[in-house]
Amino acid sequence: MSKKFQLKNGLKVLLIESHKSPVVSVQMWVKTGSADEVKKEEGLSHFIEHLVFKGTEKFKVGEIASIVEGSGGELNAYTSFDQTVFYVTISKKFASVGLDVVSQMMGFPTFDSNEIDNEREVVIEEIKRGEDSPQRQIGQLLFSTAYKKHAYKVPVIGYADNIRKVSTQKIKQYFQSRYVPRNMFLVVSGDFKSTEMKKEVETYFGKFKDFKVKKVKRIKEPIQKKIAIAIKKSDFQETLTYVAFKAPNIKHKDIPGLDVLSLILGQGDSSRLVHKLRIEEAIVNGTGAFTFTPQDDGLVAFSGSLQPANLEKYMTILTDEIAEIYHNPPTYDEIQKAVTNIASEQVYSVETVDGLARKAGSQEFFMGDAEYYKKYLAAIYGVKPADITKLAKKYFDPSKMTISILSKRDEKEVKTIVNQFVKNLKAALKDKKRIHAKPKEKAKKIQTLKFKHDLGAKSPETEKISLNKGVTLYLREQKETPTCSIKMAFLGGTRIENEKLEGLSELYSRVWPAGSKNYTENQINLKLDTIAASMSCFSGRNTVGISVEFLSTFQKEMLTMLTDTIQSPIFDAKIIEREKMIQKNQIQSQSDNPSQVCIKEFMKMMFPHHPYSREVLGTKESLDLITRQAMLDYHARIFNHKNVAICAVGDFNRDGLVENLNSLIEHMPDGKKQEGTTKLDKVVTDQFSFKELKKEQSHIIVGYRGLSFKDEERYTLDVIQSILAGQGGRLFFELRDKNSLAYSVSPLKMAGVETGYFGAYIGCSPEKSKKAIQMIKDEFAKLCNTKVGADELIRSQRYLAGRNDIDLQRKGSICNSILFDVVYGLDADETFKSSSRYFEVTAEDVQALSQKIFLQNSVISVVGPSY
C-alpha cells in the first residue's frame, strides 16, 4: 500500500506501508549528484553528504548519530552521479526520531567552519583509500575514458585539492540552491499507518523554506566517433579490464532489451562469459556484463579480473562471445532465464523496508513513477531473441568502443594486445561465416511469473521438527514474500585441517557443489540461473556448509537438485585442479587488499600454533599437496548425520520440505560430531608486526584475546562493541569526528570455540599511525578506568536491540542466526532473545570485562608504506 502527496513547500512524499517487521526506513532523495557540479566544485556533493551529519540547529556534532543509534537505528548516506540519498532505518517505536534527524540534516545544517575543516581531512583519507583500491581505480579509469565532456568522467568523490580549498560560504551557497524542497522527495516505508505518518511528515518537513532551485545544465557528451583506449600501469597483482559501448539513458525503450542482453552474456554462472572464461577455461578470477543506465547516456560494459598473462586469451574469447550475440540470436530458454532473474529481483528487493524504499525511490527519481517496475516488467516479458541481436548490432560498434585496462604488464605489450583485439573484433563482426545455419527455433511464449505478497504477515515461532536418525530441522515459516532460505552446517572448517593441507576447507567448499551423481556442474549452474536461485557452499574456521536461496514457486526443483548435490558429490579431479589455480591466483592478489594482509598477520600473532592462525586460502605449496583423495577423506570425516545442523526460513510447502530432507538424512552415513578443543598458547608478551606495502594508507589492528561462543559474558562484550561502534560510538567520535585521523575506524570482534579476539581497525595515512594506535588504546583504557554513563549504556543497548530487528528482516539472515546458534550449542531462539539480555548488562559488567580484556597483552598488526 503506497500513498503519494506534496507539501505546501513543494516537497513530494511517498509513503509505503509494510508490516512484516517492526522497522521503518526514512529516505530523502536529493536530485543533485556529482554530475551537477561545475569546475572547481568537483566533490562538493559528496563533501556535503558528510557535512550535514556534523551539526544542525537542533543537534551538535555527534548527536545525530548518537540519538539514532540510541534509538536502535542506523543512518548513512551516499552520493552518486545523479543523486544524493540520506537514510535512517529504525525501530517503528522511534520512527519520529528518524523523521526528526533527516529533517534537521536536510533543512537546518549549520556548516560550522571548524567542523568543515575537520571533515576535509576525513574525505581526503577516503580519497587515499580509493587510490589503494584496484576496483575503484579501474572504475575511475573507465569513466574518465568513456566520457570526454560529460561530468560522468569525474570521480563522484572529487579531487583532494577542491576539498582543501572550498570555502564555507561556497558550501552554504551550493546547499541552499540544490537541497531545497522542490529538488528533493521523501520516501518512508515500513510498519506504520499512513494517516498518522502523513501528519508527522507535515510536522517535521512542512517548515522547510521553499528556496529557488538553481538550474544546472549538464554538458552533453558528444557522439563518440572513435575508439577510446586508456592503459594504466599499476602495482596491483591482478589485471583489471573494461570494454564498453555507449548506451542510452534509463528512459530509453531499448533499456529492457539491453538488460536482458547483459544477463545472457555475463550474469550468473551459466551466462556465456562466466561459463566460458571462469568455468570452462578458468582464465579469470571474475568476469561479467552489465548495463550502466543513469539519467544521461550510459554504457553496456564487459568486465574482467585476471592474471596478467591471461590477457590475450581473455580478449580472444571476449571477441568470440560479442561476435556470437551480434550474429546469432539467443535461444528462448536464455531469454526466459534472463526474464526470470529480472522478475525475481522485484521480490528479493522488498525483503527489507530500506530495500522497499530504495526501489520505490529509484523509480520515482528516474521515471517519476514509484511503481514503474510494472511497465518495465511488461517490456521485459516482450523481449524476443531477434530483438537481442538487433540491439547488439545497434550498440556494439567496435570503431566507437571504450577500452580501459589496469595492469602491471608492460604498457607496450598491453597496447599491442588491445590493438589486436580491436582488429579482431572488427573482422569478427563483419564475418558472415559466423552466422549459424541453425534450425529455426519454434517461438515460445515467455512465462510470466506471478508472485504473491503479504507484507502484513507476522513471523511465527521457530519450530523444531524431528527428522530421520534424530536430526532436527529448525523451521520458521514466513509467508510475507514468496522466498525461501535453507542452510546446513557441518562442524569442521580450518580447525580440523591437516596443517600441511592449509586451504583444504576452502577448496572443498568450492568443489562440493560443482557436480553430483545426476547433475553436471553445467547443469547445476544452468538450473540455478533458470529458476533465479542461488546455491553456494561456505567454509570458515569452525564449519563448512551449504546455503540455498530460491523462490517458493521452484521449491520442488530446487530441493531435488540440492538433495543430489549434497549426498552424491563427485569431486571431479579437473574441477579440483581448476579451483586450485583460481585459489592460487587469489593468494597472489592478496597484497592488492592491505586490510586483508593486516588481519592475516594479526591472526598469526593472536593464535600462535593454533588452527585459527592458518591461512584460510592456504598457500601455493599447501594447495599443491591436496589430492582428490584428501578431499574425499575430508568429506567422509564431516559428512554424517551426527555432525549436521539444518535450518529453513521462508514460504515453504511444509510437507514437501520435510519429505525431501528426510530422504537426504536417510542416506547420510554414520559418523561422529567434530567436537573438541585445541590447545591454545597464551600471548605472553605484547606482539607487534609491521609489513611493508607501498600503498597510500596504513592499515592497523589493535587487539586482545576475547571470548568463546558460549561465554556467559558475550552479551557484555556486544555492549562494549556497541559503545565503541557506529557513528555515535567512541572510536568514530574521537578518532574521526574530533581528530580527523581516518575515514574508516571500527571495533573488531571474533568469537571462537576456545576463545576469540576483540580489538579495533583503522585505515589512515602512515604519518598518523602511531597517534591512531595510542588513541585506540586510550579509548580501551577509558572503559577500564571509568564506568560508562547511564545514557551511553542505554544508547548502546538500544543500538544492539534495534540493529537486531533491522538485521532480521531478511530470511537468509534469520536462517544464518538460528543455524550458527545451534551449531555452537546455543538455543535456537538465542538471537530473538538477545535484546532482553543486552538490557541486563550493567556499567559494572562493562568495566569488569573491559579490565579482563584490555589489561591483557596486546597484539598489533600494521601494514602500509611506513611506520
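Me: What makes the side chains of lysine 479 and glutamate 477 a salt bridge?
Reply: Happy to walk through it, keeping in mind that this model is predicted. The N to O distance for lysine 479 and glutamate 477 is 3.7 Å. The cut-off is within 4 Å, from a Lys or Arg side-chain nitrogen to an Asp or Glu carboxyl oxygen, so the pair qualifies.

Me: Why is glutamate 477 called buried?
Reply: Its relative accessible area is 17%, and buried means under 20%, so the label fits glutamate 477. Lysine 479 has 35%; that value lies between 20% and 50%, so lysine 479 is called partly exposed.

Me: How do you know that aspartate 117 and arginine 120 meet in a salt bridge?
Reply: Their N to O distance is 2.9 Å, and the limit is within 4 Å, so the pair counts. Both residues lie in helix H4 (residues 113-131), 3 residues apart, which is about one turn of the helix.

Me: Is arginine 120 buried or exposed, and what is the basis?
Reply: Arginine 120 has 11% relative accessibility; buried means under 20%, so arginine 120 is buried. Its partner aspartate 117, at 41%, is partly exposed.

Me: What makes lysine 768 and glutamate 125 a salt bridge?
Reply: Their closest N and O atoms are 2.9 Å apart, and the rule asks for within 4 Å, so the pair passes. Lysine 768 sits in the loop between strand E21 (757-764) and helix H27 (769-785), and glutamate 125 in helix H4, so the pair ties together parts 643 residues apart in sequence. Both lysine 768 and glutamate 125 are buried.

Me: How many salt bridges does this rule give?
Reply: The count comes to 62 salt bridges.

Methods: Residues numbered from 1 in each chain as written. Predicted model: local features only at pLDDT ≥ 70, side-chain atom pairs only at ≥ 80, totals over all residues. Heavy atoms only, no water. Helix = DSSP H or I, 4+ residues; strand = E, 2+ residues; numbered from the N terminus. Buried < 20%, exposed > 50% of the residue type's maximum accessible area, 1.4 Å probe, protein only.
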